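Thanks for coming. I will put the structure up now and go through it helix by helix, then residue by residue.

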Amino acid sequence: MPRTSLFASIVVVLALTAAVVSMVQGNWVGLVWIPLAGVASNVLWLNLRRAKLAKAAAERAGTS
């Protein structure tokens with residue numbers, strides 16, 4: 001797993017946790033954390049997909 005994906009997954013977990021804690025305390029401003037989690041999730045999937053494609057390209061280059 002690329003380092004950026006690891007950091008993005010940590011941000012997703014922390015942002016969702018912050019949103020839940022904020023909402024449980026009755027603070028509606030905690031909804032701001034949800035878009036941050038969405039952006040971090042997109043970064044995570046993009047990096048994982050890019051790593052998967054790079055690995056597949058390396059395997060194709062090695063077998064050809």
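Is Ser41 buried, partly exposed or exposed? Ser41 is partly exposed, because its relative accessible area is 23%, where buried means under 20% relative accessible area, exposed means over 50%, and partly exposed lies in between, with a 1.4 Å probe and protein chains only.

Before going on, the basis. This is a predicted model, in which local features need pLDDT of at least 70 and side-chain atom pairs count only at pLDDT 80 or more, while totals for chains, interfaces and linings use all residues. Residues are numbered from 1 along each chain as its sequence is written, and side-chain values use heavy atoms, with hydrogens and water left out.

Start with helix α1, residues 3–24. Helices here are DSSP runs of H or I of at least four residues, strands are runs of E of at least two, and both are numbered from the N terminus. The expected span of a helix is 1.5 Å times one less than its number of residues. For the 22 residues of α1 that gives 32 Å, and the end C-alpha atoms are 32 Å apart, so the two values agree.

Which residues of α1 are buried? They are Ser5, Ala8, Val12, Ala15, Ala19 and Ser22. Looking down the axis of α1, these buried residues fall within an arc of 120°, so they line one face of the helix; the arc is that of the directions from the helix axis to the C-beta atoms. The face turned away from the buried side carries exposed residues, namely Arg3, Phe7, Val13, Leu14, Val20 and Val24.

What do the buried residues of α1 pack against? They pack against α2, residues 33–63. Contact, throughout, means heavy atoms within 4.5 Å. From the other side, α2 has Ala37, Ala40, Leu44 and Asn47 buried, and the buried residues of α2 pack against α1. As for its length, α2 has 31 residues and reaches 45 Å from its first C-alpha to its last, close to the 45 Å expected at 1.5 Å a residue.

Now individual positions. Ser5 lies in helix α1 and is buried, because its relative accessible area is 0%. Leaving aside neighbours within four places in sequence, Ser5 is in contact with Leu44, Asn47 and Leu48.

Val12 is also placed in α1. Why does Val12 count as buried? Because its relative accessibility is 16%. With neighbours within four places in sequence left aside, Val12 is in contact with Ala37, Ala40 and Ser41. The C-alpha atoms of Val12 and Ile34 are separated by 8.9 Å, with the two residues 22 apart along the chain.

Crossing to α2, Ala40 is found in that helix and counts as buried at 7% relative accessibility. Its contacts, again without neighbours within four places in sequence, are Ala8, Val11 and Val12. Ala40 and Ser5 are 35 residues apart in sequence and 8.9 Å apart in space, C-alpha to C-alpha.

Back to Ser41, which is placed in α2. Ser41 and Val11 are 30 residues apart in sequence, and 8.5 Å separates them in space, C-alpha to C-alpha.

Next, the end of α1. Ser22 is in α1 and counts as buried at 11% relative accessibility. Not counting residues up to four places away in sequence, Ser22 touches Asn27, Val29 and Gly30. Just after α1, Gly26 takes a positive phi of about 90°.

Last, the surface. Which residues make the nonpolar patch of about 400 Å²? Leu6, Phe7, Ile10 and Leu14 make it. Patches are made of residues with over 30% relative accessible area and no salt bridge; like charges are joined within 9 Å, and nonpolar side chains (Val, Leu, Ile, Met, Phe, Trp, Tyr) within 5 Å. A salt bridge is a side-chain nitrogen of Lys or Arg within 4 Å of a carboxyl oxygen of Asp or Glu. Accessible areas come from the Shrake-Rupley method with a 1.4 Å probe, and for residues only the protein chains shown count as cover. Of the patch residues, Leu6 is in α1 and is partly exposed, with a relative accessible area of 41%.
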